[in-house]
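Visitor: I'd like a close look at one part of this protein, the place where the ligand sits. Could you walk me through it and then show me what lies around it?

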Amino acid sequence: MNKLTVRDIDVRGKRVFLRADLNVPLDDGRITDDTRVRASLPTIRYLLERGAAVILASHLGRPKGKVNDALRLKPVADRLSQLLGRNVRMTGDALGPGVQVAIGKLRPGDLLLLENLRFHAEEEANDPGFAKALADMAEIYVDDAFGSAHRAHASTEGITHFLPSAAGLLLEQEVTALSNLLAKPPKPFHTIIGGAKVSGKLEVLEVLLARCQAVLVGGGMANTFLAAKGHAMGKSLVEPDQLVNAERIMSEARRKRVRLMLPTDLVIAAQIHPRSQRQVVPLNGVPKDWIVVDIGPQTVEAYTTHLAKARTIFWNGPMGIFEIAPFAEGTNAIANYVASRTAAGVITVVGGGDSVSAVDKLGLTKKMSHVSTGGGASLEFVEGKKLPGVEALPDR
Ligand code: ADP
Ligand code: MG
């Protein structure tokens, strides 16, 4: 990465405004996946160990510019306290007199967490006055929020206009891994793409067709491709307005000689419910009241056999409705297989919120070359879009 990083600057004795992405999923106030908190630790520790006073900030959820008690960062402060083995203090607001007082008391090695930035509408509006107010708290800005880098907000973009800025270690690691994936993937480079819809992933599909030797399609997205080929999909998720695009992608793949693989068998269920009746059927075996919920075992076999040739594998999007255990077999089999290839020297990269959570649930995160915390940001990066949060940082 050609951006300035925390390793290039002297932070000792300085007040550092550290923007992290601590936007974790919550269920009734409890963190259900703390990956993003853990991924933020290296930069926090790095700064504290070097005698910086760290003002840590993040958004959480979508409070849309209003205080929302369910979206306070308290659970994150508690989790951080556990992980760091010290009491992480937090402010009642991201801004204001109380924050000024707390910041005035900071000493080298101290850590203070600000309340949810998005309680202020100015954050998402990238309001220059708000960005300046955030900047006034510190002497240096460090951006480690890769998951928020696709949005030009006050704390990711605006603030860089007012402070010397640098990338954090996580942001650096993400940009490096994803740039390498695009710039110099050892070939063959195969992609597995799934998830709910074709519509959200047209751009990434186009880019992948230009770079990969094979694209293996699963999940709800595969239904639309199969429907475009004339198969009846019953009550499954199909996007009728995307049939044309699915056809275009298929003919583009033929023209570019990219192997586009579709499922050859399917798991169907009578209802989207863990105890629903379930069955494996061939492509023409979906009854009109049934729903496709996963790829079938023959498809898993065909995909893993083909993936055995790859030297680079990128995976985005689950193969089925993996949130429901009986429909997660295809996703889990692919996850296990991809993870097993890392030890064989294959570059294995996973990106996308749900695919990453599927990998994490299986405890396979450490067995992949890179698992992106970026969600939407990692997809936009792979699509070749410039991320404002990254662009705003100065070059080395
Ligand atoms: P990612 O976050 O990894 O990019 P997406 O958000 O695109 O993935 O898609 C994830 C969602 O796709 C999951 O909620 C999953 O239940 C859903 N999904 C996968 N397969 C199907 C299917 N056959 N029918 C309906 N939804 C599906
Ligand atoms: Mg998702």
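Which residue has a polar backbone atom 3.4 Å from a nitrogen atom of ligand 1?

Guide: That one is Gly-320, and the contact is through its backbone. Keep in mind as you look that this is a predicted model. Two other backbone contacts go to oxygen: a polar backbone atom of Ala-196 is 3.1 Å from an oxygen atom of ligand 1, and a polar backbone atom of Gly-353 is 3.3 Å from an oxygen atom of the ligand. As for cover, ligand 1 has 580 Å² of accessible area on its own, and the protein covers 82% of it.

Now zoom out a step to the shell. It is made of 18 residues, and the closest are Lys-201, Gly-320, Glu-323, Asp-354 and Ser-355. Sorted by class, the shell holds 10 polar, 5 nonpolar and 3 charged residues. Helix 8 (219–228) and helix 12 each put at least two residues into it.

Helix 12 gives us a handy way out of the site, since it spans 353–361 and is part of what covers the buried residues of helix 11. Helix 11 itself runs over residues 329–342, and its 14 residues reach 21 Å from first C-alpha to last, close to the expected 20 Å. Its buried residues are Gly-330, Thr-331, Ile-334, Ala-335, Tyr-337, Val-338, Ala-339 and Arg-341. In an α-helix there are 3.6 residues a turn, so residues three or four places apart point the same way. Besides helix 12, the cover over helix 11 includes helix 10 (297–307) and several strands, among them strand 9 (189–193), strand 14 (291–295) and strand 16 (347–350).

From there, follow Tyr-337 over to Leu-307, which touches it. Leu-307 lies in helix 10, and it counts as buried because its relative accessible area is 0%, against a cut-off of 20%. Tyr-337 has company there: Leu-307 also touches His-190, Ile-192, Leu-216 and Ile-313, leaving out residues up to four places away in sequence. Leu-307 also has a distant partner in sequence, as Pro-188 is 119 residues away along the chain but 9.2 Å away in space, C-alpha to C-alpha. Pro-188 is worth a click: the peptide bond leading into it from Lys-187 is cis, with omega near 0°. You'll find Pro-188 in the loop between helix 6 and strand 9.

That loop leads us back to helix 6, residues 169–183, where Glu-172 is found. Glu-172 counts as buried because its relative accessibility is 14%. Its side chain makes a polar contact of 2.5 Å with the side chain of Arg-7. Setting aside neighbours within four places in sequence, Glu-172 is also in contact with Met-1, Thr-5 and Arg-396.

For contrast, look at a couple of loop residues. Arg-257 is in the loop between helix 9 (243–255) and strand 11 (259–261), and it has a positive phi of about 55° although it is not a glycine. Arg-257 is classed as exposed because its relative accessible area is 75%. Asp-28 sits in the loop between strand 2 and strand 3, with a positive phi near 55°. Asp-28 counts as exposed too, because its relative accessible area is 77%.

How values were computed
Residues numbered from 1 in each chain as written. Chains lettered and ligands numbered in written order. Predicted model: local features only at pLDDT ≥ 70, side-chain atom pairs only at ≥ 80, totals over all residues. Heavy atoms only, no water. Helix = DSSP H or I, 4+ residues; strand = E, 2+ residues; numbered from the N terminus. Expected span 1.5 Å × (residues − 1). Buried < 20%, exposed > 50% of the residue type's maximum accessible area, 1.4 Å probe, protein only. Contact = heavy atoms within 4.5 Å. Near = heavy atom within 4 Å. Polar contact = N/O pair within 3.5 Å; in protein donor to acceptor, adjacent residues only side chain to side chain. Areas by Shrake-Rupley, 256 points an atom, 1.4 Å probe, with all protein chains shown as cover. Nonpolar A, V, L, I, M, F, W, Y, C, P; charged D, E, K, R; others polar.
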